[in-house]
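Dear colleague,

Please find below the structure that I am handing over to you. My account of what was found in it follows.

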Amino acid sequence: MDNIKRILKIVVSTVAVAAIIYMLWVLARAGTYTVLSTDDFSHGVDLGIYREFFLKHIFYSLFFTGLIYLIWQGTFFSMFIQALFSPINGFMYPQLRIVMIINVILIFASLLFLIYELFQRAPGKSRFLIPVVGALSIFSLFGFITYYEVLFWYSGSTSYGFPFSVMLFGLTFTLRYYRLGKRSDMILAKVLGFLAGGGTLMVAGAGCYIALLILIFYSVKNHYVDYDGRRIFKWWFIGALVNTVAPGNFFRKMQSPSSGGLIPAVKSSIKICLRNYYHLIKEDFLLQILLLFVIIGIIIGLILKKKSAKRDLKLLTIIAILSPVSSWFAAFPATLGYGATSGLANRCDFLLNGCFILSAIFSAIVIGYVLAMLLGKKSSFFAPILVTTTIFLSVILPGDINANKFAEIEHQLASGEIPQYYAECKNFVENLYGYPKGSDVVISIDEIPRAVTNTHEFYDFGDPSNPEFWINEALATYYGFKSFSAK
């Protein structure tokens, strides 16, 4: 019997690892077909140097970050790496491919590292579930929505993808500090927390909230507030505060008539969160996957085979209930800044949904664990009920597991649809070098490639015939034209 269990664990872990590798391969390969577009050009033009000495590039990136901080937004970390790694100012498409592959790898690595760290508090015999939890988490996050503004857009990756990964790494090292008490983990937690605060304010808000929950949990559990733990949270908060008080945030808000007040932003953020939750549950199999995580939590609890203090179980349950609120702390800065009422941009949904999905997964595992701790072996009776419910919901809800984005993107890659769009955009960009410098360039709008499903739009078609439209001005400046427009 023990040999059968051992073989079963190996098979389950191997399949999960293979699934993770497959999902990473699909998204990383698709990321190599990212095209330079929209803000990539405008930010590159604002930076204003091209293939210069690296130290000079760093200096200009710092200057660019400071300027953006004063006149546009406080995202000091995002804007610095936006300028530092900019393919427009460097080596174009080869560099872009490298950055986008790294973006996907970091998202996967940070998520898996966080899961690994959380499992260090679980019994050793349950560690075979780490790749299972990892595979299901990645599939929950990317299986039914393509976040093309993060995975297939340079500016989106530096403002949302990289800071999200830094946030997860920062939270992981925060947890490691509380488990091991190492100074190196404490330093990394502070540095990464500060940098995460310098990403989009959505990351800053969610990261600070979760870091605060970790501080509260261990303070109550240990009956004292750890001095270095408090300092870790302080650096998370300082990073978010530096971002929030940037003059550029207020200057930009005054220029935007769409930005609403505080109360409307609170209402809109709640409305948008609930709408996103509804779609994730109704169409994206999130509820069914969460039920499977409850079963995983029960398995972990049964393997542990000992009762925890009721106070710890209550505290853990409270933290699990509060964790999904992190998605609201991600949504609120966006609704306040953009004045959104009905929905957020794709890149914002990545952070909102990502925070909700990952925290909901944590909550589901905790629920299963608590059931096992309270009911012992009796909790195993919930497993068949949960499996039956999962199957039933999969039948009655409109979602289709076969219509997942990994399969869809892989088909687009194999059929050449995405590579063809990439080639069209690249050819369009290279053909612009053929127009005379200082000329008024007018092209047919039909010449501009249109994005295919799951990719980011190359050009902002908001006002193409106006030479003073922001993307037209950026292209004109970059290619040395007097003006650029499309009609």
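Over the ring of which residue does the charged end of Arg450 sit? That ring belongs to Phe461, and the charged end of Arg450 lies 3.6 Å from its centre. Please bear in mind throughout that this is a predicted model. A second contact of this kind involves Arg97, whose charged end is placed over the ring of Tyr33 at 5.6 Å from the ring centre.

Aromatic contacts

The structure contains 33 aromatic pairs. One of them joins Tyr435 and Phe481: the ring centres are 6.1 Å apart and the planes stand at 80 degrees, so this pair is classed as edge-to-face. Tyr435 belongs to the loop between α20 (417-431) and β1 (440-443), while Phe481 belongs to the loop between α21 (470-479) and β2 (483-486); the pair therefore ties together parts that are 46 residues apart in sequence.

Phe481 also pairs with Tyr479. Here the centres are 5.8 Å apart and the planes meet at 15 degrees, so the arrangement is stacked. With regard to solvent, Phe481 has a relative accessibility of 7% and counts as buried, and Tyr479 is buried as well, at 2%. Tyr435 has a relative accessibility of 31% and therefore counts as partly exposed.

These three residues belong to one aromatic cluster, which is formed by Phe41, Tyr50, Tyr433, Tyr435, Tyr478, Tyr479, Phe481 and Phe484.

Salt bridges

Side chains of opposite charge can pair when their charged atoms come close. In this model the count comes to nine salt bridges.

Which residues are linked in a network of salt bridges? The network consists of Glu117, Arg121, Arg176, Arg179 and Asp185. Within it, the closest N and O atoms of Glu117 and Arg121 are 2.9 Å apart. Glu117 is buried, with a relative accessible area of 0%, whereas its partner Arg121 counts as partly exposed at 34%. Asp185 and Arg176 form another salt bridge of the network, with their closest N and O atoms 3.3 Å apart. In this case Asp185 is buried at 3% relative accessible area, and Arg176 counts as buried at 17%, a value that falls under the 20% limit for that class.

A further salt bridge joins the side chains of Glu52 and Lys56, with an N to O distance of 3.7 Å. Glu52 is partly exposed at 36% relative accessibility, and Lys56 is partly exposed at 33%.

The second largest pocket

The second largest pocket encloses about 1300 Å³ of space. It is lined by 45 residues, and the closest to its centre are Leu118, Arg121, Leu316, Phe362 and Val366. Arg121 thus appears here as well as in the salt bridge with Glu117 described above.

Several helices contribute to this lining. The elements that give two or more residues are α5 (92-119), α6 (130-142), α8 (154-180), α10 (201-222), α14 (286-304), α15 (310-322) and α17 (346-375). Which element provides the largest share of the lining? That element is α17, with nine residues. As to chemical character, the lining of the second largest pocket divides into 32 nonpolar, eight polar and five charged residues.

Backbone angles

Two residues deserve a note for their backbone angles. Arg51 has a positive phi of about 55 degrees, although it is not a glycine. Arg51 is located in the loop between α2 (39-47) and α3 (54-71), and at 53% relative accessibility it counts as exposed.

Met92 is likewise a residue other than glycine with a positive phi, near 55 degrees. Is Met92 buried or exposed? Its relative accessibility is 12%, so Met92 counts as buried. Met92 is placed in helix α5, one of the helices that give two or more residues to the lining of the second largest pocket.

With kind regards

Conventions: Residues numbered from 1 in each chain as written. Predicted model: local features only at pLDDT ≥ 70, side-chain atom pairs only at ≥ 80, totals over all residues. Heavy atoms only, no water. Phe/Tyr/Trp six-rings, centres within 6.5 Å; stacked < 30°, edge-to-face > 60°. Helix = DSSP H or I, 4+ residues; strand = E, 2+ residues; numbered from the N terminus. Buried < 20%, exposed > 50% of the residue type's maximum accessible area, 1.4 Å probe, protein only. Lys NZ or Arg CZ within 6 Å of the ring centre and 35° of its normal. 1 Å grid on protein atoms, 1.4 Å probe; cavity = no way out; pocket = protein on both sides within 12 Å on 5 of 7 lines; lining within 4 Å. Points joined across faces, edges and corners; volume = space filled by probe spheres on them. Nonpolar A, V, L, I, M, F, W, Y, C, P; charged D, E, K, R; others polar. Salt bridge = Lys/Arg side-chain N within 4 Å of Asp/Glu carboxyl O.
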